[in-house]
Amino acid sequence: MTERIRFTWQLLVLASSLVLAGILIFSRIKVDISTMVFLATVVSVAVINVITYVVMSAGIRKNSREGVVYLLAGIGLKFLLYLLFILLIWIATKNLTKAFILTFFALYLIFTFFTATHLFKLLKNK
């Protein structure tokens, strides 16, 4: 349980620092992405990673056969949630700009590496 609290706390710190850095960078550089879309993207990516972490950490605690199913379910759930998010943004804005796509993939990679490092620590401790 303490690992989940630690993960959530560190994820909040990471997300808030990325929001602050993004707002500062976007205010200095002329970018095609609005602040609200950027905030929605950061919050959505953070929530998706929390859900994925909860599912995958439950799989790490199970025995090997059930654990693999949980890990695969976490990966599939993450894929579907990201797909749903992109679809909703596309429906809401009617176009996906290059700036949004680059921002989304940068946030995706940052949060994925963050979640992966925490999952590897869980595996090492088990």
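Let's start with the nonpolar core: in this predicted model, the largest one has 25 residues. The residues with the most contacts inside that core are Leu11, Val42, Phe100, Phe104, Leu107, Phe111 and Leu119. Who supplies it? Helix H1 (2-28), helix H2 (35-61), helix H3 (64-93) and helix H4 (98-125) each give at least two residues. The largest share comes from H2, with eight residues.

Take Leu119 as an example. Leaving aside residues up to four places away in sequence, leucine 119 touches Tyr53, Met56, Ser57 and Ile60.

Now to the aromatics, which I enjoyed looking at. How many aromatic pairs are there? The count comes to ten. One of them joins phenylalanine 7 and tyrosine 53, and this pair is stacked, with 3.9 Å centre to centre and 15 degrees between the planes. Phenylalanine 7 sits in helix H1 and tyrosine 53 in helix H2, so the pair ties together parts that are 46 residues apart in sequence. Are these two buried or exposed? Phenylalanine 7 and tyrosine 53 are both buried.

Another pair is tyrosine 82 with phenylalanine 104, and that one is edge-to-face: 5.7 Å centre to centre, 80 degrees between the planes. Here tyrosine 82 belongs to helix H3 and phenylalanine 104 to helix H4, so this pair links parts that are 22 residues apart in sequence. Tyrosine 82 and phenylalanine 104 are buried too. If you have the structure open, look around them: Tyr82, Phe85, Phe100, Phe104, Phe105 and Tyr108 form one aromatic cluster.

Let me go back to H1 for a moment. This helix has 27 residues and reaches 39 Å from its first C-alpha to its last, close to the 39 Å expected at 1.5 Å a residue. Which residues of H1 are buried? They are Phe7, Leu11, Leu14, Ala15, Leu18, Val19 and Gly22. As for the spacing, an α-helix has 3.6 residues a turn, so residues three or four places apart point the same way. What covers the buried residues of H1 includes H2 and H4.

I'll finish with a polar residue, asparagine 49, which is found in helix H2. Why does asparagine 49 count as buried? Because its relative accessibility is 0%. Its side chain makes a polar contact with the side chain of threonine 115, at 3.1 Å. Not counting residues up to four places away in sequence, asparagine 49 touches Phe7, Lys78, Tyr82, Phe111, Thr112 and Thr115. Some familiar names there: Phe7 is in the stacked pair, Tyr82 is in the aromatic cluster, and Phe111 is among the core residues with the most contacts.

How values were computed
Residues are numbered from 1 along each chain as its sequence is written. This is a predicted model: local features need pLDDT of at least 70, side-chain atom pairs count only at pLDDT 80 or more; totals for chains, interfaces and linings use all residues. Side-chain values use heavy atoms; hydrogens and water are left out. A nonpolar core is a set of buried Ala, Val, Leu, Ile, Met, Phe, Trp, Tyr and Cys residues joined through side-chain atoms within 4.5 Å. Buried means under 20% relative accessible area, exposed over 50%, partly exposed in between (1.4 Å probe, protein chains only). Helices (H or I, at least four residues) and strands (E, at least two) are DSSP runs, numbered from the N terminus. Contact means heavy atoms within 4.5 Å. Rings of Phe, Tyr and Trp (its six-membered ring) pair if their centres lie within 6.5 Å; planes under 30 degrees apart count as stacked, over 60 as edge-to-face and the rest as tilted. The expected span of a helix is 1.5 Å times one less than its number of residues. A polar contact is a pair of N or O atoms within 3.5 Å; within protein, one must be able to donate a hydrogen and the other to accept it, and residues adjacent in sequence count only if both atoms are side-chain atoms.
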